[in-house]
Amino acid sequence: MAPDRTLRVALLGCGTVGAEMVRLLHEQSADLTARIGARVELAGIAVRRPGRDRGGLPVDPALFTTDALSLVKRDDVDVVVEVVGGIEPARGWLIEALRAGKSVVTANKALLAEDGAALHAAAAEGGADLYYEAAVAGAIPLLRPLRESLHGDTITRVTGIVNGTTNYILSAMDETGAGFAEALERATELGYAEADPTADIEGFDAAAKAAILASLAFHTRVTAADVYREGITDVSAADVASAAEQGCVIKLLCLAERSGDAVSVRVHPAMIPRSHPLAAVGDAFNAVFVEARAAGELMFYGRGAGGAPTASAVLGDLVAVGRHRLSGVRAAGESAYADLRVRPMGQASTRYHIRLDVADRPGVLATVANVFAAHDVSIGTVRQSGRGADAALVIVTHLAPDAALAATVAQLRELDIVRSVASVLRVEGS
Ligand code: NDP
Ligand code: HSE
């Protein structure tokens with residue numbers, strides 16, 4: 001250890017995550033000094049509103065500035081920690097820092113999923129580290145295992161619950177029978193859902209995380225635009241009840257799969273059996289299930305959001321890049337050599353659970369079955385319950401290309417005997 005050495009950090013953002021990081025830096029100062037081999041000192045803190053009351057944060061008010069770019073450019077800054085979020089101006093600040101050889105720690109999943117390649121290129125140009133453990137699944141050590149520990153293996157599939165807000169909503173619907181709107185209201189009251197919950201409930205947040213996970217798992221550049229995305233706003237209490245009848249729960253899953261020279265990456269609600277390891281992940285927790293050829297099945301579980309859990313991951317990265325900086329080394333940069341093709345959703349192999357309201361008369365089942373056959377979709381199970389002149393049919397298919405399943409549903413909607421297609425859900429994990 002060289003206690004006389006100092007690591008000067010520019011902190012960009014001091015909100016939920018940034019403020020918690022400042023607190024932890026203060027509380028754990030002696031341990032962090034010992035672990036890094038240098039004292040960590042904040043060179044400045046860029047925020048939008050420097051005069052804002054920050055609840056007695058243990059920091060000199062003179063450190064606050066609104067000029068993040070000037071802070072990043074300062075010669076006495078060694079490392080930049082970015083916890084602002086969004087694409088611009090964060091991209092400009094981080095590229096500036098990396099090109100100048102300043103290592104970056106960021107929690108910004110949106111930016112990494114949109115333009116991770118530009119950040120990695122700037123890091124390579126400047127010989128700096130780019131670490132972003134907090135960007136996916138908050139406190140859970142997940143990206144480091146993917147980018148280091150599993151580099152001797154071949155990952156075949158990553159299945160995750162990576163959005164806490166939607167997991168809270170779906171768990172509440174399952175446990176209490178509440179509808180989507182009611183569960184969302186409760187999530188907002190508890191502070192899980194933001195005032196504008198669009199990014200969470202429409203799956204944008206999970207899609208950004210899916211892109212980051214797939215890029216690391218498959219050594220291929222995958223952006224948010226490559227990810228098929230559906231949110232949970234159409235999941236009804238009846239869907240949840242129907243899943244429960246089948247011994248399943250509904251989760252918003254992120255799925256990244258490799259087959260041959262292609263990957264498919266998708267985010268959508270899906271039914272999974274209650275016996276699946278991800279089914280037990282309740283409340284706002286996250287979990288990611290990784291399947292690798294040699295390692296087999298691995299499960300990562302913990303808190304995916306919140307100030308302290310996310311700051312824990314940010315600080316872990318800060319220790320790593322700080323040590324590298326002091327010993328004049330750099331971690332391996334982006335690994336995108338495999339350059340696999342991203343398969344469109346239509347070619348992804350999935351199973352559907354379809355609920356139909358149909359007329360209850362001879363030949364109806366045969367007509368419905370013929371539609372599946374016409375699209376080469378094999379039926380796994382059929383359940384019928386009578387309702388006077390009508391019947392409810394629940395059909396679960398075998399695996400088929402998503403395009404064939406979608407075409408089957410479209411044709412079913414056209415049939416006179418089908419009163420309505422009450423719900424269509426994908427089925428995973430069985
Ligand atoms: P907050 O909204 O709580 O904080 C954002 C911070 O950035 C605030 O301090 C704000 O300043 C500052 N800021 C905003 N715009 C600017 C600007 N133009 N110039 C300088 N400063 C600016 O965000 P979070 O802490 O929740 O999230 C930060 C990052 O961490 C995001 O990328 C997010 O996706 C990621 N993340 C967050 C998690 C969480 O649980 N919150 C979990 C995992 C990742 P001011 O304080 O003055 O308003
Ligand atoms: N809004 C996100 C969630 C925060 O609910 O999981 C963590 O990225």
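## Exercises on two ligand sites, a pocket and two sheets

In this predicted model, an oxygen atom of ligand 1 is 2.7 Å from a polar backbone atom of Gly306. Let us start from that contact and work outwards.

### Exercise 1: the shell of ligand 1

Task: Find which residues come nearest to ligand 1, and work out how much of ligand 1 the protein buries.

Solution:
- Step 1. Begin with the neighbours: there are 22 residues around ligand 1, and Cys14, Arg49, Arg52, Arg54 and Gly306 come nearest.
- Step 2. Look at the backbone contacts. A backbone N or O atom of Cys14 lies 2.7 Å from an oxygen atom of ligand 1. For Thr16, a backbone N or O atom is 2.9 Å from an oxygen atom of ligand 1.
- Step 3. Turn to the area: ligand 1 exposes 900 Å² when taken alone, and the protein buries 80% of that.
- Step 4. Sort the shell by class, which gives 10 nonpolar, seven polar and five charged residues.

### Exercise 2: the shell of ligand 2

Task: List the residues that surround ligand 2, then say which elements give two or more residues to its shell.

Solution:
- Step 1. Walk around ligand 2: its surroundings are Lys109, Asn163, Gly164, Thr165, Asp200, Asp205, Lys209, Gly304 and Ala305.
- Step 2. Pick out side-chain contacts. Thr165 has a polar side-chain atom 2.6 Å from an oxygen atom of ligand 2. Lys209 places a polar side-chain atom 2.8 Å from an oxygen atom of the ligand, while a polar side-chain atom of Asp200 lies 2.8 Å from a nitrogen atom of ligand 2.
- Step 3. Consider the cover: on its own, ligand 2 has 260 Å² of accessible area, and the protein covers 83% of this.
- Step 4. Assign the shell to elements. Helix H7 (164-176) and helix H10 (204-218) are the ones that give two or more residues.
- Step 5. Classify the shell: one residue is nonpolar, four are polar and four are charged.

### Exercise 3: the second largest pocket

Task: Describe the lining of the second largest pocket, and decide which element gives the most to it.

Solution:
- Step 1. Note the volume of this second largest pocket, about 390 Å³.
- Step 2. Find the lining: 25 residues line the pocket, and nearest its centre are His120, Tyr132, Ser215, Leu216 and Glu334.
- Step 3. Look for elements that give two or more residues to the lining; they are helix H5 (109-126), helix H6 (143-149) and H10.
- Step 4. Choose among them: H5 gives the most, with seven residues.
- Step 5. Split the lining by class, into 11 nonpolar, eight polar and six charged residues.

### Exercise 4: strands and their partners

Task: Trace the open sheet of six strands and explain why one side of E3 and of E6 is left without a neighbour. Then find the bridge partners of Leu11 and Phe289.

Solution:
- Step 1. Follow the order of the open sheet, E3-E2-E1-E4-E5-E6, in which the pairing is parallel.
- Step 2. Go to the edges. Strand E3 (64-65) and strand E6 (130-131) each have a single partner strand, so one side of each lacks a neighbour in the sheet.
- Step 3. Zoom in on one pair: strand E1 (residues 6-12) and strand E2 (residues 39-46) are parallel and share seven bridges. Leu11 has Ile45 in E2 as its bridge partner.
- Step 4. Now take strand E11 (residues 285-292) and strand E12 (residues 296-303), which pair in the antiparallel sense over eight bridges. Three residues form the hairpin connection from E11 to E12, and Phe289 has Met299 in E12 as its bridge partner.

Note on methods:
Residues numbered from 1 in each chain as written. Chains lettered and ligands numbered in written order. Predicted model: local features only at pLDDT ≥ 70, side-chain atom pairs only at ≥ 80, totals over all residues. Heavy atoms only, no water. Near = heavy atom within 4 Å. Polar contact = N/O pair within 3.5 Å; in protein donor to acceptor, adjacent residues only side chain to side chain. Areas by Shrake-Rupley, 256 points an atom, 1.4 Å probe, with all protein chains shown as cover. Helix = DSSP H or I, 4+ residues; strand = E, 2+ residues; numbered from the N terminus. Nonpolar A, V, L, I, M, F, W, Y, C, P; charged D, E, K, R; others polar. Pairing = 2+ DSSP bridges. 1 Å grid on protein atoms, 1.4 Å probe; cavity = no way out; pocket = protein on both sides within 12 Å on 5 of 7 lines; lining within 4 Å. Points joined across faces, edges and corners; volume = space filled by probe spheres on them.
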